[in-house]
Amino acid sequence: MKIEGCTAIVTGANRGIGFGFVEELLAQGAARVYLASRQLADAEEAARSTGDTRALPIQLDVTKHDEVAAAAARCTDVDLVVNNAGAFHRQTLLEAEDMSFARNEMDTNYFGMLAMVRAFAPILKANGGGAIVNVLSAGGICAVPNMGGYSPSKFAARAASDCLRAELEPQGTHVAALIVGSVDTRMAEHVTWQAKSSPRDIGKAGLMAAARKVDELDTDPHAESVRAFLARDPYTLKRSMAKALHDGRR
C-alpha cells in the first residue's frame, strides 16, 4: 500500500512508539491520522502538539468492546491500522499479588489487538485492502521471565499475526508484525544498560513493512541481536534471561 494519501488509525498514539508512528505518517503525506488513546485529553494534547489538522484525536481503550466498536463506526475511511497500544506491569508470573496484571497484559496486547483487527477488517476490505501493523516485541520471540505476562502476551500476538495474515490475504489486507527491541519510551525507562532506538525510527520501519508487505520485521539493533542470538544459541540466550531474573532478586 501507499503511505502517502492513506488514512490511518494508531492506538496508544499519545506518546512513545505510537506518537512516533503519527509523526512519520504525517511526514510521509498521510491524508488523515486518527490518534487513539484511552484518555481523550491525552489524544487531544498529542494531536495539538503536531500542529497539523490531519491529526484527529479519538478516545479508545482497546480492551473495551464498546469503544472499539465506536472507533470503527467513526473511522470508516481507514486503510491502515497500527496496533500499538500495550500494557507492561513489570510483574513476574508468580510473584505478582494476583493474576490481574497478567490478565490486563493479555487483554491489551493480545485480545485488544484482535478486537481491533476484527472491527476494522471489513472497513479495510471496503477501502481496497490496506494493511495492519502489529507492534510486538523481542520478548515475543524469546521468553523474558522479568517481563511476566507481557512476554507471553506478545508470543500470542505474534502467533495471531500469522493466523490473521492468512485469513486476511484473500481480501488484500496485509498484516505486518514488528519485533521491537530497546526503544526510548516510558515503558522502557528502567532499561539503562543498552542503547535505545527512537520511537520515530520504529514508526518509519513499521510503515516500510506495511508499504512493502513485509510479514515480520526486526525494527532496531536490539531486536536484530536477539534474533541472531536466538538462531545461533537459543539455550544460552534463554539461560541468560533466567540469570537476569535471579540476579535482579539479589
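**Note on strand S6 and the helix contacts**

1. Both faces of S6 are covered, with His174, Ala176 and Leu178 buried on one side and Val175, Ala177 and Ile179 buried on the other. The model is a predicted one, and the points below should be read with that in mind.

2. The strand in question, S6, spans residues 174-179. Six of its six residues are buried, so S6 is largely enclosed by the rest of the structure. In a regular strand the side chains alternate between the two faces of the sheet. The split described above follows residue by residue: His174, Ala176 and Leu178 lie on one side, and Val175, Ala177 and Ile179 on the other.

3. On the pairing of S6: strand S5, residues 131-135, runs with S6 in the parallel sense, and the two are joined over five bridges. Within this pairing, Ile132 stands opposite Val175 of S6. Val175 is also one of the buried residues of S6, on the side that holds Ala177 and Ile179.

4. Turning to the helices, H1 (residues 16-27) and H6 (residues 199-212) have axes that come within 7 Å and cross at roughly 60°. Angles from 65 to 115 degrees would count as roughly perpendicular and those under 35 as roughly parallel; H1 and H6 are therefore oblique to each other. Their crossing is right-handed.

5. The residues that make the contact between H1 and H6 are as follows. From H1 come Gly16, Ile17, Gly20, Phe21, Glu23, Glu24, Leu25 and Ala27; from H6 come Pro199, Arg200, Ile202, Gly203, Lys204, Gly206 and Leu207. Sorted by class, this contact has seven nonpolar, four polar and four charged residues.

6. H1 also meets helix H2, residues 40-50, where the axes come within 11 Å and cross at roughly 35°. The crossing of H1 with H2 is right-handed. Here Phe19, Val22 and Leu26 of H1 touch Ala46, Ser49 and Thr50 of H2. By class, the contact has four nonpolar and two polar residues, and no charged residues.

7. A last point concerns Ser153, which is found in helix H5, residues 150-168. Is Ser153 buried or exposed? The cut-off for buried is under 20% relative accessible area; Ser153 has 0% relative accessibility and therefore counts as buried. Leaving aside neighbours within four places in sequence, Ser153 is in contact with Glu105, Met106, Asn109 and Tyr110.

Notes
Residues are numbered from 1 along each chain as its sequence is written. This is a predicted model: local features need pLDDT of at least 70, side-chain atom pairs count only at pLDDT 80 or more; totals for chains, interfaces and linings use all residues. Side-chain values use heavy atoms; hydrogens and water are left out. Axes are lines fitted to C-alpha atoms, for helices over the stretch in contact, and angles run from 0 to 180 degrees between N-to-C directions. Helices (H or I, at least four residues) and strands (E, at least two) are DSSP runs, numbered from the N terminus. Angles under 35 degrees count as roughly parallel, over 145 as roughly antiparallel, 65 to 115 as roughly perpendicular and the rest as oblique. A crossing is left-handed if the near helix is turned anticlockwise from the far one by less than a right angle, and right-handed if clockwise. Contact means heavy atoms within 4.5 Å. Ala, Val, Leu, Ile, Met, Phe, Trp, Tyr, Cys and Pro count as nonpolar, Asp, Glu, Lys and Arg as charged, and the others, Gly among them, as polar. Buried means under 20% relative accessible area, exposed over 50%, partly exposed in between (1.4 Å probe, protein chains only). Two strands pair if DSSP finds at least two bridges between them.
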